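Colleague: I should like to learn how to read a model of this kind, feature by feature. Could we begin with the idea of exposure?

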Amino acid sequence: RRVICPRPGGEPPAMSQSAIGEEIAPTPAPIRAVYRARQLWRQYLDRTVIYHKTRWALFTALFVTYVLDVYYREGFYIISYGLGIYLLNLLIGFLSPQVDPEAEGPMLPTESNPDDFRPFVRRLPEFKFWYKSAQAVVVAILLTSSRIFDLPVFWPILLAYFILLFFMTMKNQIQHMMKHNYVPISLGKKTYGDTTKLNVNEKSNK
């Protein structure tokens, strides 16, 4: 039962008709099931973050399966071209820094000051790169199950254009890396071997 507190003037607060007898409607069972399934899927993905080799081995198996399917069926070149462009876009995001040095200044790990450790922060993290790539390959495999998406095209033109686009894009990316003197690899925090060994030996002697 709702208790209505009077106003300082002694009059009760005004209530709208919608507030009287208002009740929270229960969530339908299908929506709860979908929400629960998404939670379980997210928990499973979170557990696979540390298994880099296993995740990429799974992606390789999916990609090889798609390539063999397209090769033996001799079709679906439009889907293959779209998949290649999408994966190339993801690769560029994976190799690019999160902050553009041309707009924000030199904030990347360089070789000019080796004592100053600044890890390379990617625009597209490794896990998202793998997840989106695997999603794209799975979608492509599903699309090849129907001949509706097998549009007649002259595939050598698509292949030549993709190769040209790949080399031009990678050339620009490499030039960007050389211009700002960074590498898209972070090997971890620098350690000082002699000092570390000395501290370990002192602790072991104690």
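Modeller: A residue is called buried when its relative accessible area is under 20%, exposed when that area is over 50%, and partly exposed in between. The model before us is a predicted one, and P156 offers a case to which these cut-offs apply.

Colleague: Which class does P156 fall into, and what is its relative accessibility?

Modeller: P156 has a relative accessibility of 29%, so it counts as partly exposed. P156 belongs to helix α6. Its C-alpha lies 9.7 Å from that of Y77, although 79 residues separate P156 and Y77 in sequence.

Colleague: How many helices and how many strands does the protein have?

Modeller: The protein has seven helices and zero strands. Along the sequence, the pattern reads α-α-α-α-α-α-α.

Colleague: What share of the contacts links residues far apart along the chain, at 24 or more positions?

Modeller: Among contacts with a separation of 6 or more, 77% are between residues 24 or more positions apart. For a spacing of C-alpha atoms across the sequence, consider G84 and V137: they are 53 residues apart along the chain, and their C-alpha atoms are separated by 9.8 Å. G84 lies in helix α3. With a relative accessibility of 14%, G84 falls under the 20% cut-off and therefore counts as buried.

Colleague: Where should one look for unusual backbone angles?

Modeller: One looks for a positive phi in a residue other than glycine, and E74 is such a case, with phi near 55 degrees. F76 is another, with phi near 60 degrees. E74 is placed in the loop between α2 and α3, and F76 is found in that loop as well.

Colleague: Are E74 and F76 buried or exposed?

Modeller: E74 has 59% relative accessibility and therefore counts as exposed. F76, at 1%, counts as buried. The loop between α2 and α3 thus holds both E74 and F76.

Colleague: How does one find empty space in a model?

Modeller: Rolling a probe the size of a water molecule over the atoms shows where empty space is left. In this protein, the largest pocket holds about 500 Å³ of space.

Colleague: Which residues lie nearest the centre of the largest pocket, and which helices supply its lining?

Modeller: The lining consists of 15 residues, and V70, Y77, S80, Y81 and L159 lie nearest the centre. At least two lining residues come from each of α2 (52–73), α3 (77–95) and α6 (155–180). Helix α3 gives the largest share, with six residues.

Colleague: What is the chemical character of that lining?

Modeller: The lining of the largest pocket divides into 13 nonpolar residues, two polar and no charged.

Colleague: How should the confidence of the prediction be read?

Modeller: One begins with the average and then turns to the weaker stretches. The average pLDDT of the protein is 77, and 68% of the residues score at least 70. Residues 15–21 have a pLDDT below 50, and this stretch makes four contacts in the model beyond near neighbours in sequence. Residues 189–204 also have a pLDDT below 50, with five contacts beyond near neighbours in sequence.

Colleague: To conclude, what describes the protein as a whole?

Modeller: Of its 206 residues, 22% count as buried. The accessible surface amounts to about 16100 Å², and 64% of that surface belongs to carbon and sulfur atoms.

Technical notes:
Residues numbered from 1 in each chain as written. Predicted model: local features only at pLDDT ≥ 70, side-chain atom pairs only at ≥ 80, totals over all residues. Heavy atoms only, no water. 1 Å grid on protein atoms, 1.4 Å probe; cavity = no way out; pocket = protein on both sides within 12 Å on 5 of 7 lines; lining within 4 Å. Points joined across faces, edges and corners; volume = space filled by probe spheres on them. Helix = DSSP H or I, 4+ residues; strand = E, 2+ residues; numbered from the N terminus. Nonpolar A, V, L, I, M, F, W, Y, C, P; charged D, E, K, R; others polar. pLDDT = per-residue confidence, 0-100. Contact = heavy atoms within 4.5 Å. Buried < 20%, exposed > 50% of the residue type's maximum accessible area, 1.4 Å probe, protein only. Areas by Shrake-Rupley, 256 points an atom, 1.4 Å probe, with all protein chains shown as cover.
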